[in-house]
Amino acid sequence: MRYLFSMLFIISSLFASDISKKVTVAIDPEYAPLTYKSFQGQAEGLIVEFWKEWSKQSGYEVEFKFFANWDEGLEAVKNGDVVFHSGSSLDDDWMVGSQELYKLNTVYYKIKDTKLDNNVIIGSIDQYYATLAKIKFPNAKIVMYNEYTPMLKDIMAGKIDLFIDDEVAVDYFLLQNGVKVKFDKLKDKYTTNVYALTNKKNKKYIEIFNKYFQRIDKSKLLSLEKNILNTSTGYFSTIFEKHKFLTAKELMWIKSHTISVGVEQWQPVIYTNTGHDIDGICGDFTKKIVESTGLKIDVVTGKWDVLLRDFKDNKIDLLPATYHTNERAKFGLYSDGYFKMKDSLYVKTSNNNINSLEDLNGKTLAIIKGYGTITKLQNKFPKIKLVFTNDLDDSINRVLNGRVDAFFEGEVAANTKIRNELIKGLKSVPVVSFKAPSLHYFSTMKEPILNSIIQKALKHISYQQRTKILSNWIVENKKIQKNTNMSISDILPIKESLSILFVFLLIIYILFKYLKKKENISLNSFIPIIVSIFLIFAVLITVLAVRNLETVQKREVESLLKAMVQVTNEALLEWFSSQQFSSAYIVNNSSLLNDIKILEEHRYDMKYLKSHQVMLDKYAKKMHQNFRNKRTYFIVSKDYIVLGSSDKSMIGKKVKNTYILSAINKALLKGYSYLMPFKNAKNDKLYYNQYIMTAWNDNVTNEPIAIYATGMKPKTMLDIAKKGRAGQSGETYFVNKKAQFISHSRFKNNSFLNIDLKYNGEYTKAVKVALLKNNGVDVNGYLDYRGVSVFGSWVYNEELDLIIISEIDKNEAMNSFKNLKITVYSVVISIVLFTILLMVFIVWYANKNKKVLEKNNKELEDLSINLEIKVQDKTKDLSKQNEFIQALLDSQEQIILTTDGDIIKSVNETFLEFFKVSSIKNFQEVYDAQCVCKTFNEEASQEYLKTIMNGESWIDYVISKGPDLNHKVIITIDDVDFTFSVTGTNLPGNNNLKLAVFTDITEMEKAKLEVEAINKHTKESIEYASLIQGALIPNNNIFRKYFKEYFAIWHPKDLVGGDIYLFEELRSDDECLLMVIDCTGHGVPGAFVTMLVKAIERQLTAKINHSDEDVSPAKILSIFNRSMKHLLKQEDADSVSNAGFDGGIIYYNKKDSIIKYAGAETPLFYTRDNELKMIKGDRYSVGYKKCDANYEYKEHIIEVKEGMNFYLTTDGYLDQNGGKKGFCFGKRRFKSLIEEYHMETMADQQEVFLNELSEYQDDYETNDDITLIGLKI
Amino acid sequence: MEKVLIVDDSRISRNLIEKIFVELDYEVVDKAVDGIDGFEKFKLLKPDFITIDIEMPKLDGIGLMKLIKEYDNKVKVIIISSTVNSQIIQEVIRLGAFVVKKPLKKERLLNAIKLLDR
């Protein structure tokens, strides 16, 4: 999964946008709170926050670069090493500054309520401020300082009266150093402005800075200022918030010191990876401390004894993993213990004689020199011969070589080494004689503040952080494998994959060989089999990978749960140890011992006992003052009589409760015991308190004489359990030997001692196993006390006689894996289905082709079998056919002959008839020629065949040019010319023999000549007609008189056409008439109709010019209609002629500023105020047979004004085919052209209309005549 | 490189003609917007080719062609017009010019140039 995300990250990084927009900004690390370097080495401060806002606004990435001091930062900007200085005043020519970033107040500080006289002494650490002071106090004496501290000391000692500086900087210093002295502030009128600045060469950057800085919301800047420089709650609260557990003094110390930390190679407790980076369990704790305090450390590596010596010699300040010894406590300061590590003995696997430290009496035990346990071992086991080794390797080697019997080492460290280095032949023997000792930070006595810092930082490490560290290292020593934590081989079963792949490839190979042998199978048809096998392979690998992923996920959960239980167990033990220690305070009191002895002797004397209770209560009370959580106590003799108790009713009575008795007995035997809270089975009474029982021993006999039981509320214990939660659904809880909750359930109320850890009458798996004192973990799932399937880990704590169980719901633990599994399976199933479908298709397609191939093969086979028979048959038939062919040739009207090019080989009857000969021989005699070409007219024009054509014989020429060329020849017989069309071909099977066919086209040629003559005449006539029609088209200059601009496109499809436009000036200079007419058809018929139209139009305009009537285009159309019908005799339905036209008539009266329009199946387009309008015109043509002679056309009147455009077109433009699909140009496209270009000149519009149509038409043939007129008022 | 003068009242048309001539490796020395402008520029620039639109304000294409031919009979004139009727063709041929119909295509113009170059 992690790899999947890494891949996604890498891919997304590849596609990430470029980060070319980047600027570098110089930062002064010591200019707090405006700019400074944080403990973590980051740029922080008010100005830095401003820059970050600017970065967000501008999209520029800002890279902060620290320089040793102010001047170096400015120098870097000057040299161009960085673009900007974060913030400075402007005081040099090379600088160019932004708008003001921040205004700094100049303030004089004086001790509160002191008075100033005329001759003040003023301190300053800056020449600039000194100058300001001189201006304000001309008589003052100025004392210059290098830093604040001596200046502050002097003002407090009264050596100076005032000091002057920047307010923010001084206040920050005072707060940082915990200066409690109160000052009065006198503000100077001078302020210092801070600007972002750059070199003048980079002036453009300032423009960019200003541009985006202006866009930052001013309230945002104010809010930043308030947050960082909040004067009401004390300055820089945010700065100190992060390290609030440290005092300002401690912070200052951290800032000014680098501590040397001694690290030995003691995996996984502490070690260095590269010689500099501290690692391991204690390494991680140290890193946490460094992170939270900002401590600067130098790592010094070496052997433990050397490190310890150097520490003693004050060469090293801190040893992070040190056991406590009294000897060491004399030369260093210990922190609290923060990590307990059990010690163990390690012996050869074959050695069964050593099962405890006691068994080593008289034998040799290796231990690394300098270990804190040495003294303890020497004291308790003086008979063991200790051998001091340099390191763990040395210890291990000595045991394996048989030079010592065992070595002593921390279990975690030794197990890690044995496991990682695959060391064989060693086994561990638990050391039960010593409690697991704690590791401590051991710091130099020279700097007690360091110990204080470490101690605070340790406490600052949260329970979760501690759990995380320990779970990383302790459980399975995960972190040792951390760098290869989840390798690809964890998820992808590479070995298995390769094995399966090998097997599959083998199967494919064998199958291929077998099938090829058997079926003669081709590789193509083998593809589906290969695909299927690979598909199965892919699915198998996926299943294995998913299974492995599940294992990895479970391993993670297992580690977490184990860590949870272990950490809780340790915390519990630690707490009880500390309580036990406090309890021992009483029993170690020698004066009380004597009193107890006497009480024990008078244990049956109730009166005596009661009389001494005050004394006992006094001791108990004293102890209670020292240690929290102890509410009750009782003292019991070894025969269970209560000698004293906080519950006075108990005094003198004998303890009968079996639980308590059992704990007392244990304490009498062992010296101490714990009594967990319990529920009395007899009376269901809840014993809520828990007790630590400590034995009083007789100082003479060393035998126990009584037990002191300190009662404790279980709250702390419950809190420890509460902290151990894995995930959302996890809980850690304690269970007593009766399988009852002795902590609170997260899920059930009133659980304490009230819930049995059973489900459906059965103990849960964790309880069942733990009650048998077996530790364990289950990541397969079992039902917990709620009946929910959980993963769990448990330990039995023998010392406290309780079980610790940590569980998490299986659903939550495996949720991410489940989702991944579903996704992976969905994808795989989809791919498989798709591939199967694809394969089915391929097989189907291949089969289809195969069938066709098989069919073809069969046919070929049949053909080859039959071929021979057919050849024989054919040969027989051939002679018959020859005869038949000759007969056939003879029957033809064409002259047919065969020749080798020179000599005639055979001829048909027609040949003999034409040349009037009886045989070829006869032809040769009569014409004195071997070749027919001798009869060709060699004088004929170029288009006719001659004997030799382009260097070839006539027949070769005919054959080579092919039938596409019409070869003609003139043969003259008896002075008469005959024209033949000649074709020729090579006869198959005979390379030399050619067949020539002469078709007599003499008559056809004559007819053709006649037609050509007619055509020429017709063409000339039409060309002349086009001249005539051209004369009908008006001289366009005439438009200019009436319209501001115009254009006219008139493109007949042929020489003449059915489209015509007519323009007439009428009776006054203000009136004109434009007609655009599309007559029936195009070409000559259309042109004829246009002539008729022109004739009628002439009559009409003559009539208009001689009348005073209003001109009406509608009436003109009606007259056209009637006249056409009449002239062409189309009034009758039986008439053969059916001609007419569509068209539009515009009448323009310039004086009245009106246009009248009437249209027959022709729209008028016009624009007014940039809006396109259209008058559709009547859907009624003019003159056709079907048209009603009395039809009245509608007239439209438009008031015109300057700038209006009018467009009138025939359907030729609109109906022209073109475009990708061959559709008509159409009205929509036409209208959009008008809309887009109507503001252009008419000349330009004409070009647009022509070019747009031309482009649209492309290679399509022109459909019809095209006429388009454009007019601008 | 032969010099060309373009006379046309349509900006679109002028640009289109210029583009084609440039593609054919001719130097377009100037463009005129009407007959009068065209004649003045013709006299000044003495181009090898002149293209003339028929429909133009002030002085139309036929009028300009006549003036030019009177001034210099050797200049090669191409009439480019959307309205080409037989009368125009006759006039054009009489004056030894060549007419190309709009919409203008590169092939048509090239053909006209070739014919006039003969």
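1. Start with strands 3 and 4 of chain A: strand 3 (residues 35–37) runs antiparallel to strand 4, and two bridges join them. (Strands are DSSP runs of E with at least two residues, helices are runs of H or I with at least four residues, and both are numbered from the N terminus; two strands pair if DSSP finds at least two bridges between them.) Across this pairing, A:Lys37 stands opposite A:Ala43 in strand 4 of chain A. The wider setting is an open sheet of three strands in chain A, in the order 2-3-4, with antiparallel pairing. Strand 2 (30–31) and strand 4 (43–44) stand at the edges with a single partner strand each, so one side of each has no neighbour in the sheet. As background, strands of a sheet pair through backbone hydrogen bonds, either parallel or antiparallel.

2. A word on how to read all this. The model is predicted, so local features need pLDDT of at least 70 and side-chain atom pairs count only at pLDDT 80 or more, while totals for chains, interfaces and linings use all residues. Residues are numbered from 1 along each chain as its sequence is written, chains are lettered from A and ligands numbered from 1 in the order in which they are written, and side-chain values use heavy atoms, with hydrogens and water left out.

3. Now the overall picture of chain A. It has 38 helices and 56 strands. Of its 1273 residues, 48% count as buried (buried is under 20% relative accessible area, exposed over 50%, partly exposed in between, with a 1.4 Å probe and protein chains only). Looking at contacts in chain A with a separation of 6 or more, 66% come from residues 24 or more positions apart (a contact means heavy atoms within 4.5 Å).

4. Which residues have the most contacts inside the largest nonpolar core? They are A:Trp266, A:Leu357 and A:Leu365, in a core of 80 residues. (Such a core is a set of buried Ala, Val, Leu, Ile, Met, Phe, Trp, Tyr and Cys residues joined through side-chain atoms within 4.5 Å.) Helix 16 (residues 448–460) of chain A gives the most to this core, namely six residues. Another core lies apart from it, with 55 residues, among them A:Phe1043, A:Val1076, A:Val1089 and A:Ile1155. Back at A:Trp266, leaving out residues up to four places away in sequence, its contacts include A:Tyr271, A:Tyr323, A:Met341 and A:Leu439.

5. There are plenty of rings to look at: the count comes to 72 aromatic pairs over all chains. (Rings of Phe, Tyr and Trp, the last by its six-membered ring, pair if their centres lie within 6.5 Å; planes under 30 degrees apart are stacked, over 60 edge-to-face, and the rest tilted.) Take A:Phe980 and A:Phe998, an edge-to-face pair at 6.1 Å centre to centre with 80° between the planes. A:Phe980 is in strand 43 (residues 976–986) of chain A and A:Phe998 in strand 44 (residues 994–1000) of chain A, 18 residues apart. Both A:Phe980 and A:Phe998 are buried. They also belong to one aromatic cluster, whose members include A:Phe911, A:Tyr927 and A:Trp954.

6. A second pair is worth a look. The ring centres of A:Phe1047 and A:Phe1249 are 5.7 Å apart with planes at 35°, so this pair is tilted. A:Phe1047 lies in strand 45 (residues 1045–1051) of chain A and A:Phe1249 in helix 38 (residues 1242–1257) of chain A, so the pair ties together parts 202 residues apart in sequence. A:Phe1047 is buried, at a relative accessible area of 2%, and A:Phe1249 is buried, at 2%.

7. Stay with helix 38 of chain A, where A:Asp1244 also lies. A:Asp1244 counts as buried, at 4% relative accessibility. Its C-alpha atom is 9.2 Å from that of A:Phe1047, with the two positions 197 residues apart along the chain. A:Asp1244 touches chain B too, at B:Asp9, B:Ser10, B:Arg11 and B:Ile12.

8. Last, the cysteines. The whole structure holds one disulfide over all chains (a pair of cysteine sulfur atoms within 2.5 Å). It joins A:Cys931 to A:Cys933, with S to S at 2.4 Å. The torsion about the S-S bond of A:Cys931 and A:Cys933 is about 135°, so the disulfide is right-handed. Both A:Cys931 and A:Cys933 are buried. Elsewhere, A:Cys282 is buried at 0% relative accessible area, while A:Cys1224 is partly exposed at 39%.
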